[in-house]
Amino acid sequence: MSVMDTAQLHLLERFLDLATVRQSLLVGNIANVDTPGYRTQDINFHSEFEMALAQNPDVPVLPIARQVPGLLARPDGNNVSVDREGLLLAELQLKYQAATTAMKSEFALVQYAIREGS
Amino acid sequence: MNLFGMMQLSGSALLAERARAELSASNLANAETTRTVQGGPYRRQNVVFAADHPLTPGFAATLASFTDWHAEGVRIAAVVEDTSPPLRRFDPGHPDADATGYVDLPNVNPVEESVNLMEAARSYQMNVSAIQSVKAMIQSAIGLAA
């Protein structure tokens, strides 16, 4: 294991990948807030993350998007909840920032080694 | 889809909502128009939205179809005319009044249009905040390199 290929970096990379997928689905849901018949899509973040960690690091993440059950549909068949999407969007943005910050500090460690601890 | 693709996706929604607001404004502006090119009073216009895959057909789209997730943008599938009958108002002095003294006026309901306009504006704002959130994510990803 090299200094740039740590378990932490791998974990963070997977997290950011999945966060990107989820973000795109959330953004798609918001874009279709007025599309008749559109159904809210999302991934199961926790199980997908566990699965992504278990598999070979070279395999790209391919999460499965599902229609979210239990949402109230409007008469036109659309079940996008602006509250749900907005909340998840804000949450995901903060998590993404947390992950990039953690990644940055990982790189800072490497840089510390490059500078021979000075 | 990368982070920039998501901005495109929200952009498609901005375009769609803007078109909806424009049509609503046009409906309000023409609420009293009795003469049109097609003849007869103005008819209320409405947009139909459809979910749209943002990738253009080709290799990338085919590849994406093998993965199970695709976020969808939105597009305007059609602009349709409201087929409900025109409103009739008794006004014998009006130049477009028929033999019985009634004028055919557009089937535009100002209250309905105002609500539609507000809805479009709110949806537009929602998409703008989605773009802002994506922007913040891109910025924190760029921050990795700094």
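A:T100 has its place in helix α3 of chain A, where helices (H or I, at least four residues) and strands (E, at least two) are DSSP runs numbered from the N terminus. The model is a predicted one, in which local features need pLDDT of at least 70 and side-chain atom pairs count only at pLDDT 80 or more, while totals for chains, interfaces and linings use all residues. Residues are numbered from 1 along each chain as its sequence is written, and chains are lettered from A and ligands numbered from 1 in the order in which they are written.

A:T100 has 21 C-beta neighbours inside 10 Å and therefore counts as buried; a residue is buried if 20 or more other C-beta atoms lie within 10 Å of its own, exposed if 12 or fewer, and partly exposed in between, with C-beta atoms placed from the backbone. Once its neighbours within four places in sequence are left aside, A:T100 is in contact with B:S140, B:A141, B:G143 and B:L144, two residues being in contact if their C-beta atoms, placed from the backbone, lie within 7 Å. Within its own chain, A:T100 is 44 residues from A:N56 in sequence and 22 Å from A:N56 in space, C-alpha to C-alpha.

One of these partners, B:G143, lies in the segment after α3 of chain B, and with 13 C-beta neighbours inside 10 Å it counts as partly exposed. Not counting residues up to four places away in sequence, B:G143 touches A:T100 and A:K104. B:G143 and B:V37 are 106 residues apart along the chain, and their C-alpha atoms are separated by 57 Å.

These residues lead to the wider interface, in which 27 residues of chain A are in contact with 30 residues of chain B. On the side of chain A that touches chain B, α1 and α3 (82-114) of chain A each supply at least two residues, and the largest share, 9 residues, comes from α1(A). That side divides into 16 nonpolar, 9 polar and 2 charged residues, where Ala, Val, Leu, Ile, Met, Phe, Trp, Tyr, Cys and Pro count as nonpolar, Asp, Glu, Lys and Arg as charged, and the others, Gly among them, as polar.

Two packed helices are described by the angle between their axes and the distance between the axes. Axes here are lines fitted to C-alpha atoms, for helices over the stretch in contact, and angles run from 0 to 180 degrees between N-to-C directions. Helix α1 (residues 7-31) of chain A packs with helix α3 (residues 110-142) of chain B at an angle of about 165°, their axes being 9 Å apart, and the two are therefore roughly antiparallel; angles under 35 degrees count as roughly parallel, over 145 as roughly antiparallel, 65 to 115 as roughly perpendicular and the rest as oblique. The crossing of α1(A) and α3(B) is left-handed, meaning that the near helix is turned anticlockwise from the far one by less than a right angle, whereas clockwise would make it right-handed. From α1(A) the contact draws on A:Q23, A:V27, A:I30 and A:A31, and from α3(B) on B:M126, B:N127, B:A130, B:V134 and B:M137, which by class are 7 nonpolar, 2 polar and no charged residues.

α1(A) also packs with helix α1 (residues 3-29) of chain B, at an angle of about 5° and with the axes 9 Å apart, so α1(A) is roughly parallel to α1(B). Here A:T20, A:Q23, A:S24, A:V27, A:G28, A:I30 and A:A31 meet B:L3, B:G5, B:M6, B:L9, B:S10, B:S12 and B:A13, and the contact has 7 nonpolar, 7 polar and no charged residues.

Inside chain A, α1(A) packs with helix α2 (residues 45-54) at an angle of about 140°, the axes lying 10 Å apart, which makes α1(A) oblique to α2(A). The crossing is right-handed, and the contact joins A:L11, A:R14, A:F15, A:L18 and A:R22 of α1(A) to A:F45, A:E48, A:F49, A:A52 and A:L53 of α2(A). This contact of α1(A) with α2(A) comprises 7 nonpolar, no polar and 3 charged residues.

Chain A as a whole has 3 helices and 2 strands, in the order α-β-α-β-α along the sequence, while chain B has 3 helices and 4 strands, in the order α-β-α-β-β-β-α. Of the 118 residues of chain A, 31% count as buried, and in chain B buried residues make up 26% of the 146 residues.
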